[in-house]
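Welcome! Take a moment to look over the sequence and the 3D view, and then we can walk through a few parts together.

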Amino acid sequence: MSAKTSHNPFDEVNEKVSLAGEFLKLKPGIIEVLKSCEREVVISIPLRREDDVEVLTGYRVQHSSARGPRKGGIRFHQDVDLNEVRALASLMTWKTALIDVPFGGAKGGVAVDATKLSSIEKEEIIRRWTRSLVHVLGHHRDIPAPDMGTDSKTMAWLMDEYHRLEGFQPACVTGKPVELFGAPGREEATGRGVAHIAAATLKEHEKKIKGATVVIQGFGNVGKFAALGCEELGMKVIAVSDVTGGVVNKKGLDVKSLLLHPTLASAEVDERVGASEVLEIECDILIPAALGGVINEENVKNIKADFIIEGANQPITSSADRALRLAGAVIVPDILANSGGVMGSYFEWTQNIQEFTWPIEKFRRELDSRMEKAFGQTHKVSTKYKVDLRTAAFILAVERVAKSFELRGSLV
Ligand code: NAD
């Protein structure tokens with residue numbers, strides 16, 4: 001099954017913004033502003049190949065700066081296109097508002113298969129991306145971070161290129177290596193946050209955390225740390241998958257031993273399933289932590305989890321979301337569930353600006369308590385408006401961004 005379906009991810013985000021705007025009785029013009037992107041930049045990136053040049057397309061979309069500098073990752077993936085980047089930029093605006101950090105939203109990407117790039121090619125691409133976009137970046141303008149296909153090493157190259165052009169400013173990018181102005185705790189922050197949100201959801205529904213069964217699609221940055229976090233909290237991870245396929249053990253996988261393998265293809269396990277088939281395994285908690293649109297019209301009827309915690313951005317299409325809720329599943333939306341990453345980026349950014357490093361224990365304490373607070377606030381709004389958690393999260397976030405927009409008087 002291809003994760004890429006015909007849905008337009010930007011339209012899907014904007015449906016939720018419109019709905020939240022209606023609950024909040026915002027004027028139609030304000031809703032239109034909140035649905036538009038402030039700036040969209042499309043660049044071409046010539047990449048040296050053996051005896052020729054290949055031209056790649058790169059993007060930076062800045063959705064909103066109403067609440068602070070724009071913030072968002074850079075994705076290297078063959079499916080990246082303008083509508084996907086717009087959707088992800090918009091989600092960042094709602095995510096940063098929901099968890100109440102002083103950022104707006106942005107996202108970047110390059111349409112390229114990261115798994116086929118050498119380290120030198122990856123460096124060449126990110127340096128070129130940075131040179132072409134330096135005029136719209138900066139620690140008080142727009143701060144990139146890693147996403148699918150990019151990592152802390154990529155962010156180190158970005159920072160280095162930025163420094164060459166604009167001078168020393170480590171807060172210009174987050175998700176850097178700990179040895180190079182990164183923050184201890186940032187790398188694990190998204191997955192750790194996902195695990196804590198899973199536990200908070202079980203608690204809210206008076207279910208036992210210990211022994212709750214967990215299935216995870218995606219075993220990269222988010223999936224790995226979500227698996228470790230769930231295990232640490234006493235849950236039982238029974239299946240995980242990456243692009244090479246899935247591994248299953250109903251008695252519980254040994255997550256740490258799986259981490260020793262470059263991909264799950266080389267892990268020694270009794271039972272294997274397809275990369276997408278893991279989504280259909282019976283479990284308490286399902287964590288899609290790979291691509292968007294993986295739960296859709298084609299497979300929604302086969303999803304058996306009681307609780308779905310969205311580690312990836314937009315893993316469930318709108319129609320699948322409706323069908324799952326009708327069938328009684330509880331879905332914790334991406335803008336809440338995976339917001340630990342941008343929370344961690346906020347901690348890194350503030351530490352860089354203050355030139356002061358927190359111990360990892362403080363990072364984790366702050367992350368856990370702020371994630372729980374965001375979950376509690378979202379739950380309260382869902383009760384107040386009698387709506388699902390996704391609608392509640394959008395109501396809370398849209399209300400905060402609309403308020404900032406109004407107070408700033410940006411129309412004048
Ligand atoms: P990553 O590149 O580190 O890992 C992606 C994982 O997905 C890999 O294990 C890959 O093998 C797997 N994968 C790819 N295609 C697959 C398929 N068809 N079936 C099963 N597995 C597949 O990426 P990441 O940083 O972990 O990001 C994953 C998702 O989480 C993305 O949607 C991203 O936008 C979102 N996210 C990431 C962060 C972060 O801090 N990294 C923060 C918020 C949201």
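## Around helix H3

Asp100, just after helix H3, takes a positive phi of about 60 degrees. Keep in mind as you read that this is a predicted model. At the other end, where H3 starts, the backbone nitrogen of Asn83 has a side-chain oxygen of Asp81 within 3.3 Å.

The helix itself covers residues 82–98. With 17 residues at 1.5 Å a residue, H3 should span 24 Å, and its end C-alpha atoms are indeed 24 Å apart, so the two values agree. How many of the 17 residues of H3 are buried? The count is 15, so H3 is largely enclosed by the rest of the structure.

## The open sheet

Next, find the strands. There are 5 of them in an open sheet with mixed pairing, and their order is S1-S2-S4-S3-S5. Strand S1 (39–49) and strand S5 (142–146) each have a single partner strand because they stand at the edges, so one side of each is left without a neighbour in the sheet. From one strand to the next, the twist averages 20 degrees.

One pairing to pick out joins strand S2 (residues 52–64) to strand S4 (residues 105–110): the two run in the antiparallel sense and are linked over 6 bridges. For a spot to look at, try Gly58, whose bridge partner in S4 is Val110.

## Where H12 meets H13

Two packed helices are described by the angle between their axes and the distance between the axes. For helix H12 (residues 360–385) and helix H13 (residues 389–408), the axes come within 8 Å and cross at roughly 105 degrees. Angles of 65 to 115 degrees count as roughly perpendicular, and H12 and H13 are therefore roughly perpendicular to each other.

Which residues of H12 meet H13? On the H12 side they are Gln377, Thr378, His379, Val381, Ser382 and Tyr385. On the H13 side you will find Leu389, Ala392, Ala393, Ile395, Leu396 and Arg400.

## A residue to follow: Met371

Met371 also belongs to helix H12. Is Met371 buried or exposed? Its relative accessibility is 1%, and buried means under 20%, so Met371 counts as buried.

Leaving aside neighbours within four places in sequence, the contacts of Met371 are Gly193, Ile197, Leu336, Ala337, Ser339, Gly340 and Met343. As for Asp334, which is 37 residues from Met371 along the chain, the C-alpha atoms of these two residues are separated by 13 Å.

How values were computed. Residues numbered from 1 in each chain as written. Predicted model: local features only at pLDDT ≥ 70, side-chain atom pairs only at ≥ 80, totals over all residues. Heavy atoms only, no water. Pairing = 2+ DSSP bridges. Helix = DSSP H or I, 4+ residues; strand = E, 2+ residues; numbered from the N terminus. Axes fitted to C-alpha atoms, helices over the stretch in contact; angles between N-to-C directions. Expected span 1.5 Å × (residues − 1). Buried < 20%, exposed > 50% of the residue type's maximum accessible area, 1.4 Å probe, protein only. Polar contact = N/O pair within 3.5 Å; in protein donor to acceptor, adjacent residues only side chain to side chain. Parallel < 35°, antiparallel > 145°, perpendicular 65-115°, else oblique. Contact = heavy atoms within 4.5 Å.
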